[in-house]
Amino acid sequence: MIRRLTKIELEALRLADAGRRLRDGDGVIGVAYASKDGSVSVRFSLRYKVEGRVREVRLGTWPKVSLAEMRAERDKVRAEVRSRIDPIQRRLAKRLEDRAKVIESERQIAEEAARLEAQRVERLTVRDLFDTWIADGVVRKDGGAELRRSFEKDVIPVIGGTPVRAVTEADIRALLRGVVQRGRNRLAVLMLADLRQMFRWGEKRPPWRRLMIEGNPAELVKAGTVTSDDYGGNERTRVLSSAELKELRDKLARARADYEKAQDKRKAPRPLPASSEAALWIMLSTTCRIGEIARAQWEDVDLDARTWLVPPKNSKNAKAQMVYLADFALQQFRVLKHEADNSEWVLPAKNREGHVCPKSFGKQIADRQAALAGRKPMKHRSPQTAELVLAGGRWTAHDLRRTGATMMQSLGVTPLIVDRCLNHVEGNVLRRVYQVHEYADEKREAWQMLGERIETILGSAA
């Protein structure tokens with residue numbers, strides 16, 4: 001009678017039995033091994049002869065495989081040997097077959113992933129391109145804040161959901177014409193330049209470049225085909241005349257007087273804030289930029305020395321500028337000092353920390369000229385749509401800077417000094433490097449002449 005191993009015998013094995021050989025009859029041999037966890041396992045195998053060669057095939061390891069499962073595998077191997085099938089070759093072939101199935105499955109998965117990725121790429125929209133571009137391709141002084149604001153307002157709502165591969169020049173042209181219809185020709189021109197830059201960036205990089213096989217749709221649009229007929233080009237040339245400056249002074253004063261006389265000031269139209277009014281006169285009398293006065297801090301203003309330092313961080317060209325204040329400009333800064341109370345900012349924001357948003361000036365002035373474009377008052381904005389309409393037509397805060405520079409020119413100030421007062425960068429590289437005189441006295445005299453000219457037109461108490 002063939003002696004068979006029992007589960008009790010196997011469970012009785014100890015670490016000292018490691019290496020011991022056990023027999024289960026019929027050529028089945030088990031070898032005891034010490035496992036890593038301190039237990040004992042038994043590895044069973046069966047010797048068989050095929051084509052005159054003795055071979056050994058594993059049947060499993062107890063206790064992972066029970067004695068019954070091991071013996072069932074033994075019987076299967078014997079049957080294969082009787083049928084002249086080599087169990088080891090059969091197992092090798094099975095492993096190769098399983099591996100082939102895995103490889104095929106992986107290939108199918110890879111093909112499906114590639115197909116889904118291709119579909120995803122095909123569906124990438126202008127919104128997706130913009131988000132990637134502004135995160136990885138835009139380097140601007142404001143971190144892309146103005147670009148994001150502009151696109152979120154005018155571009156994304158119109159073509160943001162359009163697949164990049166489907167955008168046409170007609171789409172770009174229709175988008176820009178919508179901006180022009182609001183009277184924003186200059187904005188449309190700048191937006192076209194930004195769109196060209198965005199698509200140009202995408203043309204050079206995957207996956208966007210394969211979506212624009214027909215090229216950059218914005219390059220096919222010419223600014224002149226979307227701007228209005230009366231638009232003179234990329235540069236505004238609007239200069240306020242002396243009569244218009246007086247008209248502006250009178251309209252500001254009238255709006256303030258009407259508000260002061262109103263019985264119910266909660267319902268009465270509010271005039272332009274005194275701080276904004278003073279800021280506008282500063283732009284005229286110092287030829288500064290909107291952002292420079294909006295971001296100014298009192299630590300940079302010396303009312304006694306009559307100076308205002310525009311630091312590089314506030315300047316468009318990252319170049320510091322010392323502004324010398326004439327009487328007229330000095331008076332406006334005193335108004336701002338009174339309005340700012342104890343704030344560190346010359347123009348503090350009303351409902352948050354920090355300075356006022358530079359865009360607020362443009363909005364305040366545009367709202368009070370909305371009647372020119374037939375636009376109704378916007379919610380939570382000034383209802384006085386004609387309060388600042390001047391005889392010469394629409395004007396902007398930046399036009400005051402140009403007006404001040406033009407007045408300097410008319411007073412005999414040389415173009416070189418006018419450019420220095422405007423804080424323009426010298427175009428000639430060698431001259432910029434080797435001729436570094438600041439022209440402080442000449443600039444002081446130019447601003448003084450400008451201030452006196454403004455006082456002659458408006459009066460010292462403007």
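**Close-up views of the predicted model**

**View 1. Arginine 43 has threonine 61 as its bridge partner in S4.** The model is predicted, with local features needing pLDDT of at least 70 and side-chain atom pairs counting only at pLDDT 80 or more, while totals for chains, interfaces and linings use all residues. Residues are numbered from 1 along each chain as its sequence is written, and side-chain values use heavy atoms, with hydrogens and water left out. Strand S3 (residues 40-50) runs antiparallel to strand S4 (residues 53-62), and nine bridges join the two. Strands count as paired if DSSP finds at least two bridges between them. Two residues lie between the strands of this hairpin, and glutamate 51 there takes a positive phi near 55°.

**View 2. Glutamate 104 and arginine 107 form a salt bridge.** The closest N and O atoms of this pair are 2.4 Å apart. A salt bridge requires a side-chain nitrogen of Lys or Arg within 4 Å of a carboxyl oxygen of Asp or Glu. Both residues belong to helix H3 (residues 87-122), where three residues, about one turn of the helix, separate them. Is glutamate 104 buried or exposed? Glutamate 104 is partly exposed, at a relative accessible area of 33%. Arginine 107 is also placed in the partly exposed class, at 36% relative accessibility. The classes are buried (under 20% relative accessible area), exposed (over 50%) and partly exposed in between, for a 1.4 Å probe and protein chains only.

**View 3. A salt bridge joins glutamate 152 to arginine 127.** Here the closest N and O atoms are 2.6 Å apart. The contact links distant parts of the chain, with glutamate 152 in helix H5 (residues 145-159), arginine 127 in helix H4 (residues 126-136), and their positions 25 residues apart. Glutamate 152 has 32% relative accessibility and counts as partly exposed. Arginine 127 is partly exposed, with a relative accessible area of 24%.

**View 4. Arginine 306 and aspartate 327 meet through their side chains in a salt bridge.** The N to O distance is 2.3 Å. This pair links distant parts of the chain, 21 residues apart: arginine 306 lies in the loop between strand S5 (301-302) and strand S6 (307-310), and aspartate 327 in helix H11 (residues 327-340). Arginine 306 is partly exposed, at 28% relative accessibility. For aspartate 327, also partly exposed, the relative accessible area is 41%. Elsewhere, Glu104, Arg107 and Glu111 are joined into one network by salt bridges that share partners. The structure holds 27 salt bridges.

**View 5. The second largest pocket has a volume of about 1200 Å³.** Its lining comprises 37 residues, and those closest to the centre are Pro273, Ser276, Lys350, Ser360 and Gln364. Which helix gives the most to this lining? H12 does, with six residues. At least two lining residues come from each of helix H8 (242-261), helix H9 (274-286), H11 and helix H12 (359-367). By class, 17 residues of the lining are nonpolar, seven polar and 13 charged. On a 1 Å grid over the protein atoms alone, a pocket is an open set of points with protein on both sides within 12 Å along at least five of seven lines; in a cavity a 1.4 Å probe fits but cannot get out, and lining residues have an atom within 4 Å of a point. Points are joined across faces, edges and corners, and a volume is the space filled by probe spheres set on them.

**View 6. The largest cavity encloses about 50 Å³ of space.** Thirteen residues line this cavity, and the closest to its centre are Cys288, Glu292, Gln321, Val323 and Cys421. The lining has six nonpolar, four polar and three charged residues. Nonpolar means Ala, Val, Leu, Ile, Met, Phe, Trp, Tyr, Cys and Pro, charged means Asp, Glu, Lys and Arg, and the others, Gly among them, are polar.

**View 7. The chain contains 16 helices and seven strands.** Its radius of gyration is 42 Å, well over the 23 Å from the globule rule for 462 residues, so the chain is more spread out than a compact globule. That radius is taken over C-alpha atoms, and the rule is 2.2 Å times the number of residues to the power 0.38. Helices (H or I, at least four residues) and strands (E, at least two) are DSSP runs, numbered from the N terminus. Along the principal axes, the C-alpha atoms fill a box of roughly 130 × 60 × 50 Å. Glutamate 104 and leucine 309 lie 72 Å apart in space, C-alpha to C-alpha, and 205 residues apart in sequence. Of the 462 residues, 40% count as buried.
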